[in-house]
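Biologist: I am new to reading structures, and I would love a close look at one part of this one. Could you pick a spot in a sheet, start from a single pair of facing residues, and then work outwards from there?

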Amino acid sequence: MNQRQRDHVVGYLFVLPFLISLGTFFLYAAVRTLIFSFTDYNLFNTPAFIGLNNYVAMLRDSMFTLALSNTLAFSLIVTVSQTILALLLAVMVNGVIKARGFWRTVFYLPSIMSSAAMTLIFLWLFQRQGLMTELVQFVVNARWYIAAFLAIFLAIQLTLVFNARRRYDGVSLADPVFATVALLVAIVATYLLRLSALLPVYDEQFLISWLNTQARVLFLPQTLWSVALMNVFTTVPTLMLLFLAGLQSIPVALYEAAELDGAGRVRQFLYVTVPSLTPVTFAVVTLGIIGTLQMFDQVAILGDAAPLQSRITLAFYIYANAFPEGAASRIGMSSAAAILLGVLTLIIVYLQRALGISDKVDR
Amino acid sequence: MHKTKILLAGLSLLALTSAASAVDVRISGWGGAEVALVNGLITDVLAEDLKAADINVVYEPVDGDFSQFITNALSAGTAPDLFYTDIFWSRAAFGTGKVEPTTADTSPFAPNLIDAFTYDGKVMALPKDFNTLALQYNKDIFDDAGVAYPTDDETWATLQDKLVAIHAKLPDVNGLCVVPDYARFAAFALGSGWEPFNAEGKTVLDDNFKRAFAWYTGLVPAGAAVAAADVGEGWTGGCFTKELTAVAVEGAWIIGGIRDGAPNLNWGTARIPKDPESGQAGNLIFTVGWTVNADSAVKDAAQKVAELLTSEKAQQWVLEQGLALPSRSALVDNPWLQGDTPEQTVNRVVFAGLSDGNVEPFFFGDLGGAWMEPINTALNSVLTGEADVDTALAAAQAKFDGMAAQKQ
Amino acid sequence: MTDTTLTTAMPAAALRQRLPPEALRRRQFFALGWTYLVIIGVATVMLGTFLVAFVASLKVDPLERPFRIAFDQVNPIAWVAAADLGRQGAGDPWWGGFAPGGKVTFSATYTAAPGTEIVPPEASVPRRRPGSGVAAALTKYYAIDYALLTQTSTSDGEMSVTDPATGASEIWPTRAFTYEIAFDPAKAEGGPWIERTPLDLSAPTSQQLVASTLNPTRFERRGRVASWDNITPGALGLVFNNYRRVITETADLQTGNSLFAGWMWNSLLIAVGRVAMTLVVASLAGYALARLKFHGAALIFGLVLFSMTIPAQVTFISNYLIFRDLGLLNTPWAVITVLVVGSHVLLMKQFFETFPKEIEEAAMVDGASRLGILLRIVLPNAMPAVIVNAIMAFQAAWNDFFWPLVLITSPPSALTVQVGLLSLRRSYGGAQGDWGLVLAGAFVSIIPVLVLFILFQRYIVSNQVSEGVK
């Protein structure tokens, strides 16, 4: 046997353990799930073929349509927001020369926590009388002072900027020197206002149901908005790292050329940074889609903190039909929903790949 | 000398064999206040009987949704030999075919409890206790507000007046914590004369139901109550132990909550108030039974343990711990129930609730807990202000009609 | 180009110049400053949340409103008082307790409006069970059976009270009552160490408690009763009470061992097992895909990507049934062997592809087998990738919630720590509202991953990972 043939055999041998794992726990499992979706199995009986009944019942089930719409809306909102935020954060950290490693570590810390621990902390945070509500209460009660602060800041900043623009060229609206001056003046002014008590301060007590509500905002239940907030918190750091790596591989020459063409920071960002990051963005979006479509842990841990229709996602629907609380197992329905979830994920991933974000960077 | 040696050897051999022949029976139930009770039974009250029967009981309480755990365990073949079955989801467990009917003599037990656990003509679980709902009240709050304590003849209207008066006098205290849960609301829904399943087996939310629903959800705007979620609590007992409310609607299990959260609370119990129109009160019977696993290797021992755990001695002891009422008819006229401590009072009232007015078991056939969902959702929508009474009830009725259609 | 256009377009304005260099430098400097500000702000929000949650986990009632930042557990004066009380009770200033020979001095000061008599409160050491779960079943010794309570002295004083409505201040009389709680000498022979010594002081509503050696745990009966769960906590026992409780109050009834500690151990076993299995399988498969040419390599690569897209919920029923039929449900083996994640294979493949081929080819010429090359040459030099893979696998296995939830459900001592947290949340985070325990549990479960992260963060956060994942 020559080297090539030996390599063949060794190749298969090396790959064998992984293939066994993949074959049993993925391929065989997928096929079995497909088969179960056409039966009435309930974990104890012998499965009997019932055709498309499960799919029909599933489509008629209001819980299913809710789970589907929740999952899709959640996926869209979280993927978009976490991609944008991760990019912005990466750009900011990239702009810092010293101690970049330190900031990377600091930002990455929240994402090492398990979803269970994280959800428990957020459950406590988002209680009806919890800390989040107190923060919102504080902001709402102090609204006049916050408004005054912003107004003074903007006024001074704009005055200084337009004043400078009369004499100089290339003064950006967000000029940092003027912004610092404006900030300091606004702080002092607001403090003086507070001392003189010219503006009203309110003392209202609030109770906001972040979790235990059936309200919907823009196709997504309010509960899931709170969960989305929590999700973004934990996933943005990991995605930021991906963007950071991508940012560091953009040649500086591109930026220099853009600067010579007279492009400001914002234009450089839009026309140099974003296009160069296309492959990374694709990876980030794909990861985001895959992760959000599978959202299960948080729903399970929320438990009775929120009504079922406000927190149900497809993944949880699958589990809840396999092991329902207080009723017999419906493996058939569960498998039907599982097949649907798998197909849905594949469609969305390959759709977004085909639609626009290509693998190659466009130069 | 020689003889004693043989005797000793013989005795030790006997001891060894008897120790070796001690059978291990795994039992399981849910966590919470139950744990101390069952553990006390096994290690204290029944210790000698278990030793005499050569049985070693291994108790593994489970926290979380017990029915999910049992379904999973029965399917996996790792279920305990003896486990709790709540009447609420008993159908799901019995329907798996992995449950062994009881071999004990069921005649000493209360008939309606035995009926609750009968499936396919066989008694599948031995009822260990039961509970109903009652009205607990905080004597200090009533004293501070100068309002008379609730009596056993309260009606919905008189109770509402008392709660409104308390809230007016003490603004930081509310009358009752209202929960969107059929398991408590039923005390009023059933009192109105409504029945969960009509003659055709369908659920119709008639005018009686609407009257009870409107009164229950109207307590909050009337100033007599507050939604439990609004004060961050999940059950009426939670508000009660934190002394946020004057009354609570719970069963004897509230004793555990009070012992932990407010050990010095000064409280009493009265019967569920009656509907002024129908003149009746409503109530639910909650009951739990011990079920034997059909796949168990030690079925006979498990049956024996079930019998011991529900014996008169055991039930008398549990009664005196105050957490639940005995399922044996003979223990009904118990002198312990006549005492005056808050625990004895609540148990006495809970016991009276068994036969007072329109009483239904907490059980919904094959539908299980899903049957309560439409009513709970309707309650929640009105309590959170997201819908009005008519819209919410119409939505609930539509869901019930859908359920009935699906069953066919 | 720009200048001339502008001057012709805006003749009214004076000639506009570019900003002078030092102005530009200044702007760059300040821009950097603002970037730092924003980054610090984001970091504060991200880490601050957990810091606040940690502080809340020390509290007796984390849901109290308003959220106090100053409470006993973070007050050094209270720590000293607690340590002192612990020393008096059992000679242990750290974890306190009540043991034979213990003599605890406790004082409480009441005040009443001028003219009202301050009566001595009814003091008692009640029988209090620690929580209604397993701990109640396991507690054998109660302080009430071993404590003798006597009032030793009173002393009078005054305090100034400001009326919030009028702003006027009055002098109110105060009276301090000092008690001694002693371990009954008659039972001191072989007496037990008792963890908690509760105390109740009951007084009429005409007087109020204003000071005491330790702040009461709660006020009951609308202010009439001041209740302490433990007057001999010890310094650590006071601050980390919730942590102590989460470890001791979730206990196995049969053995009395802490369930929480057992869960951590299970998680560790499973994580180590998974890491070992992942490393072996992923290294072999990654090397084969990177270096060895064989039919179907591309297909397998595609399959790996495909398997990473499909969620676990799609395949879980079949996998659950496989383990059920093999009898491996509720054992760690089920969770260890269930699907090796494709991303590890890809990571190793990526790394092996960048490894210089020459060294391997040289070894092959010398007659080494592929396996030998892998084990002796490639892997030792692939330490960074291996470490990264191991850490990511450990993290994923430790944090895994879904598979242990499905595959390990009984007995309670076999759960992993994540599923145990769910169980904790169900028993304490809902109707009971004992959030301190829940938060403490969450933080204890983070410790191993946190330690690993701090030790190896430069590997985890490095560029290599990002390249690999891409």
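Modeller: Happy to! Let us begin with B:Ser28, whose bridge partner in strand E3 of chain B is B:Phe83. Please keep in mind as we go that this is a predicted model.

That pair belongs to a parallel pairing: strand E1 (residues 23-28) of chain B is joined by 2 bridges to strand E3 (residues 82-86) of chain B. E1 of chain B has another partner too, strand E2 (residues 55-59) of chain B, and these two strands pair in the parallel sense over 5 bridges. If you would like a pair to find on your screen, look for B:Arg26, which stands opposite B:Val58 in E2 of chain B.

Now look at what packs against these strands. B:Val305 touches B:Val25, B:Ile27, B:Ile55, B:Val57 and B:Leu82, leaving aside residues up to four places away in sequence. Compare those numbers with the strand ranges: B:Val25 and B:Ile27 fall within E1, residues 23-28 of chain B, B:Ile55 and B:Val57 fall within E2, residues 55-59 of chain B, and B:Leu82 falls within E3, residues 82-86 of chain B.

B:Val305 also has a place in a wider picture. The largest nonpolar core holds 286 residues, and B:Val305 is among those that touch the most other members, along with A:Leu120, A:Ile121, A:Ala337, B:Val178, C:Ala285 and C:Leu439. Helix H7 (residues 259-291) of chain C gives the most to this core, with 14 residues. There is also a second, separate core of 29 residues, which includes C:Tyr110, C:Val125, C:Ala143 and C:Leu201.

Let us stay in chain B for another sheet. Here 3 strands form an open sheet in the order E11-E8-E12, with antiparallel pairing. The edge strands are E11 and strand E12 (267-270) of chain B, and each of them pairs on one side only. From one strand to the next, the twist averages 30 degrees. Within this sheet, E8 and E12 of chain B pair in the antiparallel sense over 4 bridges, and B:Leu135 has B:Ala270 as its bridge partner in E12 of chain B.

Two strands of that sheet turn up again around a helix. Helix H12 (residues 254-261) of chain B is mostly covered, with 8 of its 8 residues buried. The buried residues include B:Ile254, B:Ile255 and B:Ile258, but also B:Arg259 and B:Asp260. What covers them includes strand E8 (134-138) and strand E11 (247-250), together with helix H11 (236-241) and helix H15 (342-352), all of chain B.

Next, how does chain B meet a neighbour? Contact is made between 24 residues of chain B and 18 residues of chain A. On the chain B side, helix H4 (66-76) and helix H16 (373-383) each supply at least two residues. H4 of chain B gives the most to that side, with 5 residues. Sorted by class, the chain B side has 5 nonpolar, 15 polar and 4 charged residues.

Chain A also touches chain C, with 90 residues of chain A in contact with 84 residues of chain C. Helix H1 (residues 3-36) of chain A gives the most to the chain A side, with 20 residues. By class, this side of chain A has 59 nonpolar, 21 polar and 10 charged residues. A strand pairing crosses between the two chains as well: strand E1 (residues 168-169) of chain A runs parallel to strand E1 (residues 17-18) of chain C, joined by 2 bridges. There, A:Asp169 stands opposite C:Arg18.

Finally, a look inside chain C, which is divided into domain 1 (19-58), domain 2 (72-234) and domain 3 (259-469). The centres of domain 1 and domain 2 of chain C, taken over C-alpha atoms, are separated by 46 Å. Chain C has an open sheet in which 4 strands follow the order E3-E6-E9-E8, with antiparallel pairing. Strand E3 (122-124) and strand E8 (218-220) of chain C stand at its edges with a single partner strand each, so one side of each has no neighbour in the sheet. Neighbouring strands of this sheet are turned by 20 degrees against each other on average, direction ignored. E8 of chain C pairs with strand E9 (residues 225-228) of chain C in the antiparallel sense over 3 bridges, and C:Phe219 stands opposite C:Ala226 in E9 of chain C.

Methods
Residues are numbered from 1 along each chain as its sequence is written. Chains are lettered from A and ligands numbered from 1 in the order in which they are written. This is a predicted model: local features need pLDDT of at least 70, side-chain atom pairs count only at pLDDT 80 or more; totals for chains, interfaces and linings use all residues. Two residues are in contact if their C-beta atoms, placed from the backbone, lie within 7 Å. Ala, Val, Leu, Ile, Met, Phe, Trp, Tyr, Cys and Pro count as nonpolar, Asp, Glu, Lys and Arg as charged, and the others, Gly among them, as polar. Two strands pair if DSSP finds at least two bridges between them. A residue is buried if 20 or more other C-beta atoms lie within 10 Å of its own, exposed if 12 or fewer, and partly exposed in between; C-beta atoms are placed from the backbone. Domain bounds come from an automatic or database domain assignment. Axes are lines fitted to C-alpha atoms, for helices over the stretch in contact, and angles run from 0 to 180 degrees between N-to-C directions. A nonpolar core is a set of buried Ala, Val, Leu, Ile, Met, Phe, Trp, Tyr and Cys residues joined through C-beta atoms within 7 Å.
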